[in-house]
Amino acid sequence: MGEIQVEAENKKYEPKIAAFLCNWCSYAGADLAGVGRVQYPATIRTIRVPCSGRINPLYVLKAMANGADGVLVSGCHPGDCHYISGNYVARRKFALIKSLLNHVGLEEDRISFSWVSAAEGIRFAEVVKGVTERVSALGPNNGIFKVVDDGGAAADE
Amino acid sequence: MSQNKIGSVLIVGAGIAGIQAALDLAESGYLVHLVEESSAIGGTMPMLDKTFPTNDCSMCILSPKLVECGRHLNVRTYTNSQVVRTEGEAGNFKVIIKQKARYIDLEKCTGCGACAEACPVKVDDEFNQGLGKRKAAFKQYSQAFPNAYGIDEQNCLYQTRGKAKGKDICLKCVKACQAGAIDHHMEDKEFEVEVGSMILNPGFKIFDAASLDYYGYGKIKSVITSLEFERLLSASGPFDGHLVRPFDKKEPQKIAWIQCVGSRNAKIGNNYCSGVCCMYAIKEAVIAKEHSHIPVDTTIFYMDMRTPGKDFEKYYNNAKNQQGVNFIRSRVYEVTEAKDDSGDAVIRYSTEDGQILTDQFDLVVLSVGLEPGDSSKELAKLLDLKVNKYGFAELEPLSGVNTSKEGIFAAGAFSGPRDIPETVMQASAAAGSASALLAEERGTLVSEKEYPPEMDVAGDIIRTGVFICHCGVNIGSVVNVPSVVEYAKTLPTVAYATDKIYACSQDAQASIKALISEQKLNRIVVSSCSPRTHEPLFQETLKEAGLNAHLFDMANIRDQCSWVHMNQPEQATEKAKDLTKLAIVRASMQQQTQPIFMDMNHAAMVIGGGVAGMTSALSLADQGYEVHLVEKDSALGGVARRFSTGFRGEDMKAFVAELIEKVSNHANIKLHVGVGIKDVGGFLGNFTTTLENGEQIAHGVALLTIGGQEYKPNEYLYGQDERVMTQIEMDEAIYNHDPKVEGAKNFVFIQCVGSRTVENPYCSRTCCTKSVKLALKMKKKNPAANVFVLYRDMRTYSYFEEDYEEARRIGIIFVRYSENAKPVVSKEGDTLLVTVNDHVLDRPIEIETDVLCLAAAIKAPADGKKLSKWFKIPLNAEGFFLEAHMKLRPVDFSTDGVFMAGIAHSPKNMEEVIAQAKAAAGRAGVALSKDQVESAGLNAFVNKRKCTACGTCEAVCSAKAITVDQVNRVAVVNDALCKGCGACASSCRCGALSLRGCTNEQIVEMLNSL
């Protein structure tokens, strides 16, 4: 089985992947994977957001700059967004981020976007396996960014 | 019915049914008196390890309800109590309650356990099914409410030997108790409460396996009951969740389950199916495999596998095909002790083809059935309620929850064996019915909860308290919890960190509250399960401690860590540390946020005018709410219009006609028949639905009761020969005296047509019973008729077993076929021929038939997808509605203010549809009873100095909650409309917009800490 191989390789290199999961679909799908005891690699670090539309491209770059090897953004299926159209907002931004990553010389396979519904526990596990395999294949993120204080994101209120 | 109604309800029995009913009623404005015979609430659920079909930990899902019920201001709980007398009538009952002395003052007891430690008397622990010991001063289980000990007067040395003689014998507990809570001279007391209605859910007892000596229970040590096995598996059980044989601590490697112990047994007068045992045996087999660190061989000996509930069939298939549980269709003759001194047990059984075999097992688990408890029988007698021949309460036909007395409702196993979701449904249905009965008195006796003034912590040094939960063994067996605690202590802002066995328990809440004040904590982080289920519980604790509910975050180290990385303890521990760190970072940057209140529209919309919809509409209308009932078909009634008789012989035509008349004449119900829905918008308290005719209806909640569809078979010559018909068509043909059926002498029924297949991997639940009913009707009318039922497993659960038994007795022939060898239907000339492999003879038999009735599957409604999009609600893989929680929220969607009932949720019979419809109305009534809708207030906010009024936010906001003020050149958020999605914040080009609870700074800081 493929996943076992990944585990063996992980002894040397275990990618760390920042996962943004929307509260209504993907986070619930991840919970369902747990309830069903569907096993997947322990590579993701979840940040729960209300909606995938909340994801600012900055976050992806920040994650990469801070040594995450990959980023997963997962939202509701098209048409199913709890907030009507947030996942479309996310999709537009995501297309932009991909081309930006290419532009700055980061492998676009490090970032993934998926739709996982609240009923798709098994699919969620598959998504994580897929992301882990893709990122593992690329190896550690050497990070082309220098950390320049906080990049103006946490600017004063 | 009394004219002088009282706005309070008596609930007898505080298991999950009692707790659910109590919470529903207390939340909708009624005072609840909750009477429980034992010393703590919870019932049977706390004894169970996991629950099917989700494998949720039973304690984990129950615990928030225990806490909520225990802390609810309008639920008065009386433990060690029973009802001794009642008088009065519906609307106004007087109830005398007798409370036995607990000998420990609930007000003073802190639950520290010093008394139990000091107590020298050890007795068998009933909670652990006698597998462990407890003291005479004891608490049933650690998460119990009340979180207080009690003294068992039957076993206490002072009570039994000293008190009467005036001698100070023992009294060690008194010396040990620092709180001075122990009072050995406490006396039993009787008191009276006045209530408008009663809900009875005293539960069940398990069948006494020792009464059937051929199973060897009580004689052979390795033969145990299924409830004992639950305690073996449970982390809080006598062996801390280590799966060992109780008598020699050997880890069993070969375990057998024997089904139907005390059920489906006419000889002992238990001619009913207990309904839950097949599923719990499968669950126990699966969990045993999961639990043990050595491979475990598991075998289930059964007659028919009955897994007709929602997602049960998938669970069964998974156990069989993926988990490797062995299933042997058999009759067990006896269980004897192995002759090799191993302590093992030997099962002698016959298989379907008549072979007699024996096999030896380390452990044999008897799947014991459910019986009415002694106190249930007493209660029924006391209240003079109708009971059936087994002693279960008999409900009024097609009422779901009504006992034979007006104003008295039943839920759970009081009226027959049922599983947890059905019990919870009945509880909500009973609560809804009581609420309808007492609608005028709503709110007259309740009080509002008051919280301590909120501490202003803005600007204070941040002191975070971190609580890491073991969740029994759910987290602790994978994640190294103590090391996560140590790690947390090293992180910035953390002032205090500790672990908890169950962070959600009553005592943990008390401890968190105490620590907030002792340690001056102003942020709280809990690493445990999913915030989706448990966040409200902890937030309530914060509020009670005077902290703003948002100074909090959770890390999900169970559902998204220990459960999904079971074989990678090191990586899981690392992940748990990281997730905890992320939560600490987020919490440390949380600000006090005040909730936003919006007006509640008190009208309900019911979509679908079948029996479910009409029943829900009536219940809500009786509760005093305005109801819009929408039916796209040209007439009300749904598929039930096609039924002639119900499963208990009810006249369905008359029933449906009466329902239609009631909804048509009810002042609170407005019908919209013959019109579909065009669009839906809004949220709890404020929905707007547009009908196809353009009419717009504003409503606060929605109930989706759109039914299902009958599968139109492509197999067995259906549609090609008019003698081949579905069950509903046959029912109609009988009703219409169709000569095809009237004159027929040979009948064949084929079960599972379109159900339990690869495409439709679920059981349609009702068809076995329906076929048996139709077969009986035909056979009784013409005893000379040849009637065959071709089946895979006969799933005549509950009392329908009686019909199955009668059918066999009067000569209906049941032939089992397997999934791989389905019957073949052919035509020779004009003769309709069914060929099936006989399971006893193991050879094909040919049956000529005049009528072939197909048990066609019940399929999900066609309109489910549309409603799913409109209301933002999920469907399961087969297209049925997916509830918020399969066990404890069976009629709620995860979207607030939207509820479901009927076939659209899953296939079920009419009685069950009615119970669920009333449950949905009950739950909807809870929501509608509120004057305002509270939203957390986690909305977008604008930094005016940064905003350039570019309008991007306005363009992306789908809630139309943000507009640019052209005068002041700044974006303005409308808090009432903002849903808090954050699309504006992520799109803002100047960083002027952010989202409370999920600010840019928080996320960036979380990422920085990765």
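How many residues does the contact take from chain A, and how many from chain B? Colour the two chains and look where they meet. The contact takes 49 residues from chain A and 49 residues from chain B. Keep in mind throughout that this is a predicted model.

**Stop 1: the chain A side of the contact**

Select helix 2 (26-35), strand 2 (44-49), helix 3 (57-65) and helix 4 (86-104) of chain A. Each of these elements gives two or more residues to the side that touches chain B. Helix 2 of chain A gives the most, with seven residues. Now colour this side of chain A by residue type. You should find 26 nonpolar, 12 polar and 11 charged residues.

**Stop 2: the rest of chain A**

Show chain A alone. Its elements are five helices and four strands. Trace them along the sequence and you read α-β-α-β-α-β-α-β-α. Of the 157 residues in chain A, 56% are buried. Next, think about contacts in chain A with a separation of 6 or more. Residues 24 or more positions apart account for 84% of them.

Select residues 17-139 of chain A. UniProt lists this stretch, in an unreviewed entry, as "domain: F420-non-reducing hydrogenase iron-sulfur subunit D". Over these residues the chain is 46% helix and 19% strand. The C-alpha atoms at the two ends of the stretch are 12 Å apart.

**Stop 3: strand 2 of chain B**

Move to chain B and select residues 31-35, which form strand 2. Is this strand enclosed or open? Five of its five residues are buried, so strand 2 of chain B is largely enclosed by the rest of the structure.

Show the side chains. In a regular strand, side chains alternate between the two faces of the sheet. Here Leu31(B), His33(B) and Val35(B) point one way. Val32(B) and Leu34(B) point the other way.

Add the partners of this strand:

- Strand 1 (residues 8-12) of chain B runs parallel to strand 2 of chain B, and five bridges join them. Find Ser8(B): its bridge partner is Leu31(B).
- Strand 5 (residues 75-78) of chain B also pairs with strand 2 of chain B in the parallel sense, over four bridges. Here His33(B) stands opposite Arg76(B).

Now add helix 1 (residues 16-27) of chain B. Together with strand 1 and strand 2 of chain B, helix 1 makes a right-handed β-α-β unit.

**Stop 4: a hairpin in chain B**

Select strand 18 (residues 326-337) and strand 19 (residues 345-351) of chain B. They pair in the antiparallel sense over seven bridges. Glu337(B) has Ala345(B) as its bridge partner.

Extend the selection to strand 20 (residues 356-361) of chain B. Strand 19 and strand 20 of chain B are antiparallel too, with six bridges. Look for Ile347(B), which stands opposite Asp359(B). These two strands form a hairpin with four residues between them. In the turn, Gly354(B) has a positive phi of about 90°.

**Stop 5: the nonpolar cores**

Nonpolar side chains tend to be buried together in soluble globular proteins. The largest nonpolar core here has 353 residues. Among those with the most contacts inside this core are Ala22(B), Ile282(B) and Leu852(B). Select helix 23 (residues 910-928) of chain B, which supplies the largest share of the core, 12 residues.

Centre on Ile282(B). Leaving aside neighbours within four places in sequence, Ile282(B) is in contact with Ile300(B), Tyr315(B), Tyr316(B), Ala319(B) and Val325(B). A second, separate core has 20 residues, including Cys119(B), Val121(B), Ala148(B) and Cys156(B).

**Stop 6: unusual backbone spots**

Most residues other than glycine have a negative phi, and most peptide bonds are trans. Chain B has exceptions to visit.

- Zoom in on Phe52(B) and Pro53(B), which a cis peptide bond joins, with omega about -5°. Pro53(B) is in the loop between strand 3 (50-51) and strand 4 (56-57) of chain B.
- The bond from Phe145(B) to Pro146(B) is also cis, with omega near -5°. Pro146(B) lies in the loop between strand 10 (137-138) and strand 11 (150-151) of chain B.
- Cys471(B) is not a glycine, yet its phi is positive, about 50°. Cys471(B) is buried, with 28 other C-beta atoms within 10 Å.
- Ser798(B) has a positive phi near 55°. Select the loop between strand 39 (786-791) and helix 21 (800-809) of chain B to find Ser798(B).

Conventions:
Residues numbered from 1 in each chain as written. Chains lettered and ligands numbered in written order. Predicted model: local features only at pLDDT ≥ 70, side-chain atom pairs only at ≥ 80, totals over all residues. Contact = placed C-beta atoms within 7 Å. Nonpolar A, V, L, I, M, F, W, Y, C, P; charged D, E, K, R; others polar. Buried ≥ 20, exposed ≤ 12 C-beta atoms within 10 Å, placed from the backbone. Pairing = 2+ DSSP bridges. Right-handed = clockwise from strand over helix to strand, strands pointing away. UniProt positions renumbered as here; feature names shortened; annotations may be inferred. Core = buried A, V, L, I, M, F, W, Y, C linked by C-beta atoms within 7 Å.
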